[in-house]
Each structure stands twice: as C-alpha cells, then as structure tokens.
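Let's look at a pocket and a ligand site together, asking what earns each label.

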Amino acid sequence: MIYKITYGEPDISSEAVVRYVFQETSPNDFSELFKDIEYKVDGEYITLKRRIENEGYFFGFGDKVGPLDRKGRRYVFWNTDNFTHHPSADPLYKSFPFFVYISKDFDKVYGCFTDYPGWMEIDIDSNNDKTISFKIRGKGFNQYIITGKNVREILKQYLRLTGQNIAFPIWAFGYQQSRWSYMTQDEVLDIANKFRKEDIPCDVIYLDIDYMQDYKVFTWNKNNFPSYKKMLEKLHQDGFKVISILDPGVKVERFYKIFESGNGRYFLKDIYGGDFEGAVWPGRVRFPDFRDKKVRIWWARNAKKYLKDGIDGFWNDMNEIAIFATEDDIKEAKKKLKNAKLEDGIKLAGTLGSIGEIGRQGHGDDIVHLDGTPHWKVKNTYGLNMTKATSEMIQKDLKKRPFLISRSAYSGIQRYGGVWTGDNHSWWEHIRQEIIRINSLSLAGVFYSGFDVGGFGGDVNAELLIRFMQLGVFSPMFRNHSAIGTKRQEPWQFGEEVKNILRDVIKFRYRLIPYIYTQYMLGIKKNIPLVRPLFYDFSKKEALKIEDEFMFGDSILVAPVDRPNVEKRLVWLPKTAINLFDGNIYRNGWRIVNTPIEHIPAFQLINTAIPTMEPQSYVDMLKVDIISWNVFSDGKSRIMSYFYEDDGISLGYKKREYNLKQILIKDNNIIIKTKQADYNVRNRTWNFSITYIDGSTKNVSIEVGNDGEYTIPIR
Ligand code: MIG
C-alpha cells in the first residue's frame with residue numbers, strides 16, 4: 001500500500017508522481033513504524049522530527065557516496081556539481097529522497113519517499129537519539145509511505161507511483177569507450193579501428209565537449225570534425241553507435257543560431273528581471289528553462305538535427321546546474337579579497353573556495369523561471385527536465401528507445417533515461433564506492449546506471465583498471481571514461497598482457513548479453529532491478545551488512561576485488577554456488593575464494609540457468625546461431641529460467657512485440673515453452689551444459705524455433 005501524507009502547504013509539484021495509486025492519510029496511522037514528535041516552522045524552513053523505534057537499516061538515496069546503510073548521517077538534497085567523491089562528499093549531482101527501512105530481523109519494512117524538488121535535508125539519526133528529521137526550505141512537502149512485505153514489493157510500488165523505467169536499446173549493454181575528449185574525427189576513427197583490429201568488442205564511442213565549436217551546443221567543430229557525417233557513417237558501418245555530450249548552457253553570442261532563437265524567450269531569468277548568466281565551458285552562457293514545455297520542444301528540435309547527422313544518443317552533463325561563476329561571484333570574491341594578505345592563510349582559501357558551484361553549493365536564489373517560480377524551489381528537477389525534453393521527442397516522434405544518461409537527476413528520471421555517477425577517481429576506494437552507488441540507484445528505481453570505469457580523475461594503473469573493468473562487466477552501463485590530462489585507459493594502454501586480460505573481460509560481458517538483456521527487459525516490465533543489494537533477494541542478517549557483493553540478475557552473485565594484490569577474498573554466499581571462472585563449487589556461508597587477476601569473481605547460484613552466447617565485436621542478435629545454457633543444479637529441485645528477445649531498439653516491447661520462452665528443468669527433462677511469439681526469432685541451437693553439485697556434468701542440445709513447446713530428456 002502507498003499512503004500519502006501532506007505536511008504544510010506544498011505549492012510546487014516535482015512531477016515525480018505520475019499515478020494516483022496512493023491513499024491520503026495522516027502520520028498517526030504508522031505508530032507501529034514511527035511517530036512524528038515535532039513539526040516546526042522556522043522562517044522559510046519546515047522541520048519534521050520523527051521517532052524511530054526500531055533498530056534497523058536505511059537504504060537508498062541513489063548515488064550519494066558513503067556506506068550502503070545511510071543511518072547516522074545527514075544528507076542534503078540540492079543538486080550540485082561536486083567532483084571529488086570523498087566518502088562524505090554531499091550534496092552531489094542528484095536527489096532521490098527515497099529510502100527503504102528494514103528492521104534487523106526483516107519483520108518491519110517500509111519505504112519513504114519525501115517528494116520535494118527544492119532544498120531538503122534528511123537526517124537519519126545522526127545524534128543517536130532514535131530520530132529522523134526532514135527539513136525543507138519551502139511551504140510544505142508530500143511524503144509517501146510504502147508498506148509491503150519486503151523490499152521487492154516496496155520498490156515495485158514506488159515504481160508504480162513514479163513510473164516504469166524506459167527500456168534502453170540492446171546495444172547499450174555492449175562495451176562503451178569514452179574519453180574527455182577524442183579531439184578529432186581521425187582520433188575517433190583510430191580508436192574505433194583499434195577495437196576491431198585488436199578483436200576487442202565495443203558498441204559505443206563517446207564525443208565529449210570538444211566535438212563542438214567553442215563548446216557551443218548543437219554545433220560541430222568544423223576544423224577537427226570537417227566531415228563528421230562521413231565519420232558517423234563509417235562508425236555505423238563498423239557497428240558502432242555514437243553518443244555526444246549535451247551541456248545546457250547556451251553561449252551568449254550574436255548570430256549564433258541557437259542563442260538567437262532562444263534569446264528573450266527560453267532562458268532563465270535573474271531576480272531583477274534580466275537574463276541569468278553564468279560562466280561554463282563556452283564562457284558567458286544562458287540556461288534554457290526546461291520546466292517550460294515550449295522550451296523542451298525547442299531544445300528537442302535542435303537535438304533532432306544531431307540525431308539526423310547520425311548521433312545515436314546523448315549524455316546530459318552540467319545540468320545541476322553546474323556554473324563555474326556568475327558576475328556576482330566575481331564581484332564578491334574581489335570585494336572579499338581586497339584587503340587580503342598572505343598572512344590571512346586559510347581564510348583566503350575559504351574566500352576563493354566560496355565562489356562558483358562548490359563553494360556556493362549551487363545557484364538557486366538568483367534564478368527565476370519563466371513562469372515566475374524561484375529556481376530554489378525546483379532546482380533538483382532541472383536535469384530531469386532537460387532529459388525529459390529529448391526523451392519525449394525520441395519516444396514520441398521517432399518511436400524509438402532513447403539512449404540518454406544524465407548526471408543530474410530527481411526521482412522519476414527512470415521514465416526518460418538513465419544516469420551515470422559523475423566524476424569519480426582512479427582510486428581503489430572508488431570500486432567499493434561505485435558498487436554501493438549503482439546498487440543504491442537501483443533502490444531509487446533507476447535500472448540503467450553506470451560509473452566511469454577505470455575512474456575519471458587521477459591516473460589509473462594496470463591492476464586497478466583490470467579490477468574496475470571486471471566490476472564494469474556487472475554494471476548496467478559498462479563505460480570506460482577518463483578526464484583530460486589523466487593517464488589514458490583504453491584497454492590496450494598497458495601492454496600486451498593487460499590487453500589480453502581486458503579483451504577477455506570485455507568478451508565475458510558479451511557472452512552474458514542474452515542473460516543480461518533478458519533479466520533487464522523482464523525487470524523493466526516487472527519493476528525489478530538488474531543490479532541489486534543482497535538483501536533484496538535474501539532475508540538474512542549478513543545480507544543487510546555486506547556492501548562489497550551484489551546480485552546481477554537473479555542468478556549471478558558478484559564479489560568484486562577492490563584492493564591491490566588480492567589473490568583470495570572472503571565471500572558470503574547465500575546459497576551453494578559455482579565460480580563462473582574456475583568451476584569451483586562452494587557451499588553457502590563465508591568462503592575463501594581464489595581471485596587471481598584474470599578472474600572476475602562471480603558466482604552462479606544453485607538451481608539457476610544462464611543463457612550465454614559467443615562474444616561478438618558488437619551486439620547483433622541476428623547473427624547469433626547458438627545459445628549456450630549454463631545450468632547449475634542440485635539434481636532434485638525444479639529450475640526455471642527465461643529467454644527474452646525483441647528488436648532491441650523500438651518501443652514495440654510495450655505492445656508485447658517480443659519473443660519470450662520459459663525454460664523449466666525438472667524430473668530429468670528440459671521443457672521449453674513459448675510464452676509470447678510476437679517478435680520472430682530465428683532458429684537456433686540451444687546447448688545445455690548442466691553441472692551438478694558433485695561436479696559431474698551432462699550436455700544436451702536442441703533446435704529451438706520461433707514458436708512451440710519442446711521437451712528434451714537429460715541423459
Ligand atoms: O567540468 O565534459 O562529469 O564526464 O568528461 C567537467 C567534460 C565537465 C564533467 C563530466 C565528465 C565530462 C566532463 N564534464
């Protein structure tokens with residue numbers, strides 16, 4: 001059940017909630033779970049304090065850094081370009097004010113979504129006094145309490161409330177290569193050729209800000225990309241897709257078409273009625289007001305031209321809004337620095353640090369939207385609305401699945417696209433951190449997420465890159481990206497041996513495509529995330545505490561290596577499992593497993609069946625003729641699995657235009673049933689390789705067509 005409680009008088013909607021699937025109620029109804037003890041209005045702020053009786057765990061808040069369990073800290077929701085992700089950095093780019101509470105013995109579970117798009121702080125018992133408090137700047141907020149018997153049910157309801165995930169195209173599950181920036185068309189083509197020549201699979205290449213003329217959005221740099229259309233054509237011929245970056249700031253420049261067409265109509269205002277301006281990459285810029293529908297249509301019309309050129313999707317950056325400085329910032333800094341002397345020491349750092357995005361913690365008070373709404377009331381939805389603009393166009397006009405990832409986001413973003421976690425570092429610590437972040441994004445309802453594999457800032461080394469890439473295999477988005485001025489980290493940058501290891505790592509990802517795509521697409525339909533923390537599937541106390549393992553679909557448990565020189569690691573297994581690399585079988589419980597550098601520490605759980613294929617240089621299901629099933633069986637229990645396929649790019653999946661097969665293994669038979677055959681699939685050989693708990697194996701194989709039912713005895 002979903003209950004809505006309204007506090008104060010909310011005067012602005014975030015538009016996160018899309019379906020009226022809740023019941024309005026009052027806080028008194030939850031005495032079993034919590035009790036409101038204080039409600040205070042203090043100037044512009046409202047604080048609600050609540051007693052929480054149970055010892056338990058608080059999971060969620062999307063890709064905020066820090067531990068998986070969010071208890072014991074204060075978190076600010078105020079989208080900010082915060083680029084050094086040290087363990088307590090906050091706020092960051094996104095706001096997902098949704099958490100799930102789980103009591104320590106799993107008997108009490110609820111979800112809590114505090115829907116407010118302006119500044120908010122949620123303090124989960126930072127004073128150890130068994131309270132949680134919600135503080136907003138504004139007139140009121142809506143809170144949704146979701147009850148259910150487990151996290152799975154709660155997340156499903158949360159997604160009924162805020163909308164299902166839009167499916168990504170199938171090629172989004174291939175390997176992706178990025179760099180700030182591939183500077184010229186020749187460099188882009190060289191990188192692409194190298195992948196094919198080296199036999200390293202790759203589906204997607206990224207264009208960062210340098211593809212534009214002077215960083216002007218919707219332009220091409222004609223010096224460095226003189227024949228960009230030919231470049232894109234060539235890349236497409238070779239099986240690549242190309243994603244280009246979009247920054248919201250529009251350069252203020254006469255005769256620049258985008259600026260001229262938006263000027264006076266589509267840009268955010270300042271509080272004095274003038275145009276709000278800031279400094280970003282192009283220099284002086286103004287910012288489109290994406291809350292306004294006509295602005296979204298204008299923006300999308302321009303984006304459509306890039307798509308016509310041959311661009312396949314976008315990554316929306318700097319949309320917190322990230323602003324290096326405004327005129328006021330500069331004035332203020334000068335004023336403060338006037339009498340400054342070196343003797344002032346640390347005070348100077350404070351003053352300098354207070355200009356720009358980080359120091360100011362983002363802009364809000366100085367901006368006004370076209371409809372008069374102060375920006376500080378809706379700041380956290382700016383990135384969401386930017387993403388909505390192109391997403392709606394691609395879905396409605398082009399009838400295609402959008403490939404859109406956004407750095408800034410708010411609850412509901414999953415209806416329009418996915419996200420990446422921003423500027424991480426080539427640090428060992430960030431392997432662990434990114435595990436936590438993508439898992440917490442799943443709990444925020446965002447099923448397509450990723451992080452800069454290899455690390456964005458700082459210099460990677462070979463071992464770190466390998467371990468990062470091994471984790472990337474099990475991230476919805478598997479994209480290697482790094483910052484300008486840092487060590488290059490394409491798979492061939494560290495010599496033959498490392499290259500060979502990384503080729504195998506990437507190929508392993510491609511082997512799993514049938515499994516990944518099936519799990520992802522069925523997850524989209526049923527509101528079940530691909531990546532999820534252990535407690536999502538297993539109600540065991542260990543599962544509440546482990547943050548360096550997670551589930552990838554319902555059959556694979558991943559236990560990444562997040563430190564150098566690790567040849568063995570401790571893994572907690574909820575069930576008996578088989579190591580996907582060395583075939584070792586482990587009973588459930590805490591186990592020491594081998595983790596040599598070329599092994600990705602991942603396990604298939606007992607009584608599951610995983611469909612795999614031969615790796616390809618890019619994802620193309622039409623060229624797949626053999627599906628190999630890895631079955632791990634105790635020889636007694638019934639095993640159920642699925643195989644899902646569709647055209648991979650259209651929205652037909654919403655109208656059941658797919659092929660779905662159910663695989664049942666029981667009583668020494670494999671039974672394959674066609675559940676849905678509205679997408680024609682080719683005939684293929686399905687090879688089943690069954691490993692039993694004692695290590696013995698059996699193999700059977702069968703031709704499977706578009707439709708029908710098949711029974712194969714296992715002999
Ligand atoms: O101020 O476009 O997070 O992925 O490479 C940095 C350059 C701007 C930040 C993004 C990053 C991207 C970079 N951008």
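Q: How do the residues lining the largest pocket divide into nonpolar, polar and charged?

A: They divide into 11 nonpolar, 6 polar and 7 charged. Here Ala, Val, Leu, Ile, Met, Phe, Trp, Tyr, Cys and Pro count as nonpolar, Asp, Glu, Lys and Arg as charged, and the others, Gly among them, as polar. A word on the source: this is a predicted model, where local features need pLDDT of at least 70 and side-chain atom pairs pLDDT 80 or more, while totals for chains, interfaces and linings use all residues. Residues are numbered from 1 along each chain as its sequence is written, and side-chain values use heavy atoms, leaving out hydrogens and water.

Q: What makes D317 a polar contact of the ligand?

A: A polar contact is a pair of N or O atoms within 3.5 Å. A polar side-chain atom of D317 lies 2.7 Å from a ligand nitrogen atom, so the pair meets that cut-off.

Q: How do you know that R407 and H481 make polar contacts with the ligand?

A: Polar side-chain atoms lie 3.0 Å from a ligand oxygen atom for R407 and 2.9 Å from a ligand oxygen atom for H481. Both distances are therefore within the 3.5 Å limit.

Q: Which residues surrounding the ligand are the closest?

A: Of the 13 residues that surround the ligand, the closest are D208, D317, R407, D423 and H481. A residue counts as near if one of its heavy atoms lies within 4 Å. By class, this shell has 8 nonpolar, 1 polar and 4 charged residues.

Notes. Polar contact = N/O pair within 3.5 Å; in protein donor to acceptor, adjacent residues only side chain to side chain.
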